[in-house]
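Biologist: I am new to reading protein models, and I keep meeting words that sound like labels. Could we look at one together and ask what stands behind each word?

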Amino acid sequence: VFPDKKIRSFWMKNMNFPLDIIWIDDDTIVKISQNLPPEGDLPKQIYYSGIPVNFVLEVNAEWTLKNKIKTGDKIKIL
């Protein structure tokens with residue numbers, strides 16, 4: 001959760017397993033970066049939201065596929 005909207009970037013530094021990153025603008029999923037591989041302590045790849053977002057959710061790799069989550073889906077913030 002971020003207090004403002006801007007283009008966000010994440011990397012997979014020191015991760016032990018792959019992830020999906022869900023990029024969210026208010027209540028709408030605007031992008032999903034799927035099955036991102038861990039990169040150890042010297043990551044080379046940086047992943048960007050592409051547009052300003054105020055929420056980013058990291059889940060286990062392929063979770064978005066298994067749960068049929070897609071760009072444009074609405075979410076409810078609790």
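**Words and the values behind them**

Modeller: Gladly! Let us begin with Lys68, which has a relative accessible area of 71% and is therefore exposed. Please keep in mind that this is a predicted model.

Biologist: What makes Lys68 count as exposed?

Modeller: The cut-off for exposed is over 50%. Lys68 has 71%, so the word applies. Lys68 is found in the segment after α1.

Biologist: What is noted about the phi of Lys68?

Modeller: The phi of Lys68 is near 55°, a positive value in a residue that is not glycine. Most residues other than glycine have a negative phi, so a positive one deserves a mention.

Biologist: Which residue in the loop between β5 and α1 can we look at next?

Modeller: Glu62 lies in that loop, and α1 covers 63-66. Glu62 is not a glycine either, yet its phi is positive, about 75°.

Biologist: Why is Glu62 called partly exposed?

Modeller: Buried means under 20% and exposed means over 50%, with partly exposed in between. Glu62 has 38% relative accessibility, so it counts as partly exposed.

Biologist: Now I would like to see the whole chain. What elements does the chain have?

Modeller: There are 1 helix and 5 strands. Along the sequence they follow the pattern β-β-β-β-β-α.

Biologist: Why is the chain called as compact as a globular protein of its length?

Modeller: We set two values side by side. The chain has a radius of gyration of 12 Å, and the globule rule gives 12 Å for 78 residues; the two are close, so the chain is as compact as a globular protein of that length. The C-alpha atoms fill a box of roughly 35 × 30 × 20 Å along the principal axes.

Biologist: How much of the chain is buried?

Modeller: Buried residues make up 31% of the 78 residues. The accessible surface of the chain is about 5300 Å², and 55% of that belongs to carbon and sulfur atoms.

Biologist: What do we know about contacts between residues far apart in sequence?

Modeller: Take the contacts with a separation of 6 or more: residues 24 or more positions apart account for 71% of them.

Biologist: And where are the mean positions of the positive and negative charges?

Modeller: The chain has 11 positive and 10 negative charges, and their mean positions are 2 Å apart.

Biologist: Let us turn to one strand. Why is strand β2 called largely enclosed?

Modeller: Strand β2 covers residues 19-25, and 6 of its 7 residues are buried, so the rest of the structure largely encloses it.

Biologist: Which strands pair with β2?

Modeller: One is β3, residues 28-36, which pairs with β2 in the antiparallel sense over 6 bridges. Another is β5, residues 55-60, also antiparallel and over 6 bridges. Leu19 shows both pairings: Leu36 stands opposite it in β3, and Asn60 is its bridge partner in β5.

Biologist: What happens in the hairpin of β2 and β3?

Modeller: The hairpin has 2 residues between the strands, and Asp26 takes a positive phi near 55° there.

Biologist: Asp20 is in strand β2. How do you know whether Asp20 is buried or exposed?

Modeller: Buried needs a relative accessible area under 20%. Asp20 has 0%, so it counts as buried. Setting aside neighbours within four places in sequence, Asp20 is in contact with residues including Ser33, Leu57 and Trp63.

Biologist: Does the strand hold another example? Where is Ile24 found?

Modeller: Ile24 is found in strand β2 too, and at 5% relative accessibility it counts as buried. Its bridge partner in β3 is Ile29. Beyond four places in sequence, the contacts of Ile24 include Val53, Phe55 and Ile75. Ile24 and Thr71 are 47 residues apart in sequence, while their C-alpha atoms are 9.2 Å apart.

Biologist: Asp25 lies in strand β2 as well. What makes Asp25 partly exposed?

Modeller: Its relative accessible area is 22%. Buried would need under 20% and exposed over 50%, so Asp25 is partly exposed. Leaving out residues up to four places away, Asp25 touches Lys5, Val30, Pro52, Val53 and Asn54.

How values were computed
Residues are numbered from 1 along each chain as its sequence is written. This is a predicted model: local features need pLDDT of at least 70, side-chain atom pairs count only at pLDDT 80 or more; totals for chains, interfaces and linings use all residues. Side-chain values use heavy atoms; hydrogens and water are left out. Helices (H or I, at least four residues) and strands (E, at least two) are DSSP runs, numbered from the N terminus. The radius of gyration is taken over C-alpha atoms; the globule rule is 2.2 Å times the number of residues to the power 0.38. Buried means under 20% relative accessible area, exposed over 50%, partly exposed in between (1.4 Å probe, protein chains only). Contact means heavy atoms within 4.5 Å. Accessible areas come from the Shrake-Rupley method with a 1.4 Å probe; for residues, only the protein chains shown count as cover. Lys and Arg count as positive and Asp and Glu as negative; His and the chain ends are not counted. The place of a charge is taken as NZ of Lys, CZ of Arg, CG of Asp or CD of Glu. Two strands pair if DSSP finds at least two bridges between them.
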